[in-house]
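Student: I have a chain to go through with you. Can we take it question by question?

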Amino acid sequence: MSDNIRELDQVQAELDILHERSQTNKANISSHEAVCEVRHKIIMENMNSISKELRVVAGLVTLFSVLYKMLPK
């Protein structure tokens, strides 16, 4: 019977360790997800800004192309 109690205590100790690791991993994953969410938001904002700038550049290229064609030859 004493062996059974020691075995149960060992199993409980291992379960406690696994639970602690699980909680640590859960916290690490939550933190990682929060960081990823912020990074994703920043990346999307930068991409939108770059997209707007590219549209302006494309418009200028079109304008200069038309003006170039209007130059006397």
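Tutor: The questions below go from overall form to single residues. Keep in mind that this is a predicted model.

Student: How many helices and strands does the chain have?
Tutor: Helix 1 covers residues 2–70. The secondary structure totals one helix and zero strands.

Student: Why is the chain called more spread out than a compact globule?
Tutor: For 73 residues the globule rule gives 11 Å. The C-alpha trace spans about 105 × 15 × 5 Å along its principal axes. The chain is more spread out than a compact globule because its radius of gyration is well over the rule's value, at 31 Å.

Student: What share of the residues is buried?
Tutor: Buried means under 20% relative accessible area. The chain exposes about 7100 Å², with 63% of it from carbon and sulfur atoms. Of the 73 residues, the buried share is 0%.

Student: Which side chains meet in a salt bridge?
Tutor: The structure holds one salt bridge. Its partners sit three residues apart in helix 1, about one helical turn. Asp3 is exposed at 53% relative accessible area, and Arg6 is exposed at 53%. The N to O distance is 3.1 Å, and the pair is Asp3 and Arg6.

Student: Is Leu63 buried, partly exposed or exposed?
Tutor: Leu63 lies in helix 1. It belongs to a nonpolar surface patch with Val56, Leu60, Phe64, Val66, Leu67 and Met70, about 670 Å² of accessible area together. Exposed needs over 50% and buried under 20%. At 44% relative accessible area, Leu63 is partly exposed.

Student: How far apart are the centres of the positive and negative sets?
Tutor: The chain carries 9 positive and 10 negative side chains. The centres of these two sets lie apart by 26 Å.

Key: Residues are numbered from 1 along each chain as its sequence is written. This is a predicted model: local features need pLDDT of at least 70, side-chain atom pairs count only at pLDDT 80 or more; totals for chains, interfaces and linings use all residues. Side-chain values use heavy atoms; hydrogens and water are left out. Patches are made of residues with over 30% relative accessible area and no salt bridge: like charges are joined within 9 Å, nonpolar side chains (Val, Leu, Ile, Met, Phe, Trp, Tyr) within 5 Å. Accessible areas come from the Shrake-Rupley method with a 1.4 Å probe; for residues, only the protein chains shown count as cover. A salt bridge is a side-chain nitrogen of Lys or Arg within 4 Å of a carboxyl oxygen of Asp or Glu. Helices (H or I, at least four residues) and strands (E, at least two) are DSSP runs, numbered from the N terminus. Buried means under 20% relative accessible area, exposed over 50%, partly exposed in between (1.4 Å probe, protein chains only). The radius of gyration is taken over C-alpha atoms; the globule rule is 2.2 Å times the number of residues to the power 0.38. Lys and Arg count as positive and Asp and Glu as negative; His and the chain ends are not counted. The place of a charge is taken as NZ of Lys, CZ of Arg, CG of Asp or CD of Glu.
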